[in-house]
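Colleague: Please take one buried spot in this model and look at it closely. Then work outwards, so that I can see what surrounds it.

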Amino acid sequence: MGESGALACVALPAGAQLVGTSSVRAVAEAVGQVMATQGAVCVFGDPGRGKTAAVRMALREVPPGWKVTWAPVPVRPSVAGMRRVVFDALALAGRFPHTSALADAAVAEALGEARVLVVDQAQRLSVPCLEYLQSLWDHPGTRITLVLCGAGSERALSRLPQLASRIGSSM
């Protein structure tokens, strides 16, 4: 999905346009606020209500120097699987490292730039996967804003109170 806030992967019928509704504006405001503090936000709601589209609209124009990376959560991810998803989403050069320590070092280095890391389908995250994302966010060398997005993502997040208590905003 890539390094931009473009509205790729949003299919619209011919002639249709995305509309900046009050919900979309609220998501944009929440994302902007957490970007200012390199915090975290959880965007949740019923399936098919436009969460991902609202986040894409909110991130289509990020401040200069910021990058946006989308990390879609696979079904039943393991920590090793999430490590690979983040590595691949960052489009890091070379092959995926053969040890978790090397992969984590490469990811942490890439996350040293101001970046929004959008974790789509976050409701699929297990506690160990949430702990992995929290470790990336907490790493002293990273400069990321974490956006967790998905129907039920707030329930997944509630399974890790030490991360849930640090979410700057939930939509």
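Modeller: A residue is buried when its relative accessible area is under 20%. Threonine 142 has 9%, so it counts as buried. That is the spot I would take. Bear in mind that this is a predicted model.

Start with the position. Threonine 142 sits in a loop, with helix 5 on one side and strand 4 on the other. Its side chain has two backbone partners. A polar atom of that side chain lies 2.7 Å from the backbone oxygen of leucine 136. The backbone oxygen of histidine 139 is reached at 3.0 Å. Next, the contacts. Residues up to four places away in sequence are not counted here. Threonine 142 then touches Ala108, Leu111, Gly112, Leu136 and Trp137. Leucine 136 therefore appears twice: as a contact of threonine 142, and as the owner of the backbone oxygen at 2.7 Å.

Now go outwards from the loop. Helix 5 covers residues 127–138, strand 4 covers 144–149, and each supplies at least two residues of the largest nonpolar core. That core has 30 residues. Helix 5 gives the largest share, six residues. The other elements that supply at least two residues each are strand 1 (40–43), helix 3, helix 4 and strand 3 (115–120). Within the core, the residues with the most contacts are Met82, Val86, Val107, Val119, Leu125, Leu133 and Leu148.

Take methionine 82 from that list. Leave aside its neighbours within four places in sequence. Its contacts are then Val73, Pro74, Pro77, Leu125, Cys129, Tyr132 and Leu133. Leu125 and Leu133 are among the residues with the most contacts inside the core, and both are contacts of methionine 82. A separate core has 21 residues, including Val31, Trp66, Trp70 and Val147.

Leu148 leads to another buried loop residue. Isoleucine 167 touches Leu148, along with Ala40, Val41, Cys42 and Leu157, again not counting residues up to four places away. Isoleucine 167 lies between helix 7 (161–164) and strand 5 (169–170). Its relative accessibility is 13%, so it counts as buried. Leucine 146 is 21 residues from isoleucine 167 along the chain, and their C-alpha atoms are separated by 9.0 Å.

Then there are the charged pairs. Side chains of opposite charge can pair when their charged atoms come close. The salt bridges here number five. One of them joins aspartate 104 to arginine 83, at 2.7 Å from N to O. Aspartate 104 is in helix 4 (residues 100–110) and arginine 83 in helix 3 (residues 79–89), so this pair ties together parts 21 residues apart in sequence. Its two ends sit in unlike surroundings. Arginine 83 is buried at 13%, whereas aspartate 104 is partly exposed at 24%.

Helix 3 also holds a pair of its own. Aspartate 88 and arginine 84 form a salt bridge, with the closest N and O atoms 3.2 Å apart. They are four residues apart in helix 3, which means about one helical turn between them. Aspartate 88 is partly exposed at 42%, and arginine 84 is partly exposed at 39%.

Glutamate 154 and arginine 155 make another salt bridge, at 3.3 Å from N to O. Arginine 155 is exposed, with 54%. Glutamate 154 is partly exposed, with 26%. Lys67, Glu113 and Arg115 are linked as well, in a network of salt bridges.

Last, step back to the whole chain. The protein chain has seven helices and five strands. Along the sequence they run α-β-α-β-α-α-β-α-β-α-α-β. Of the 171 residues, 42% are buried, and threonine 142 and isoleucine 167 are among them. Consider contacts with a separation of 6 or more: 77% of these involve residues 24 or more positions apart. The chain exposes about 8500 Å², and carbon and sulfur atoms supply 54% of that area.

To return to your buried spot: threonine 142 sits in the loop between helix 5 and strand 4. Its side chain reaches the backbone oxygen of histidine 139 and lies 2.7 Å from that of leucine 136. On one side of this loop is helix 5, the source of six residues of the largest core.

Conventions:
Residues are numbered from 1 along each chain as its sequence is written. This is a predicted model: local features need pLDDT of at least 70, side-chain atom pairs count only at pLDDT 80 or more; totals for chains, interfaces and linings use all residues. Side-chain values use heavy atoms; hydrogens and water are left out. A salt bridge is a side-chain nitrogen of Lys or Arg within 4 Å of a carboxyl oxygen of Asp or Glu. Buried means under 20% relative accessible area, exposed over 50%, partly exposed in between (1.4 Å probe, protein chains only). A nonpolar core is a set of buried Ala, Val, Leu, Ile, Met, Phe, Trp, Tyr and Cys residues joined through side-chain atoms within 4.5 Å. Contact means heavy atoms within 4.5 Å. Accessible areas come from the Shrake-Rupley method with a 1.4 Å probe; for residues, only the protein chains shown count as cover. A polar contact is a pair of N or O atoms within 3.5 Å; within protein, one must be able to donate a hydrogen and the other to accept it, and residues adjacent in sequence count only if both atoms are side-chain atoms.
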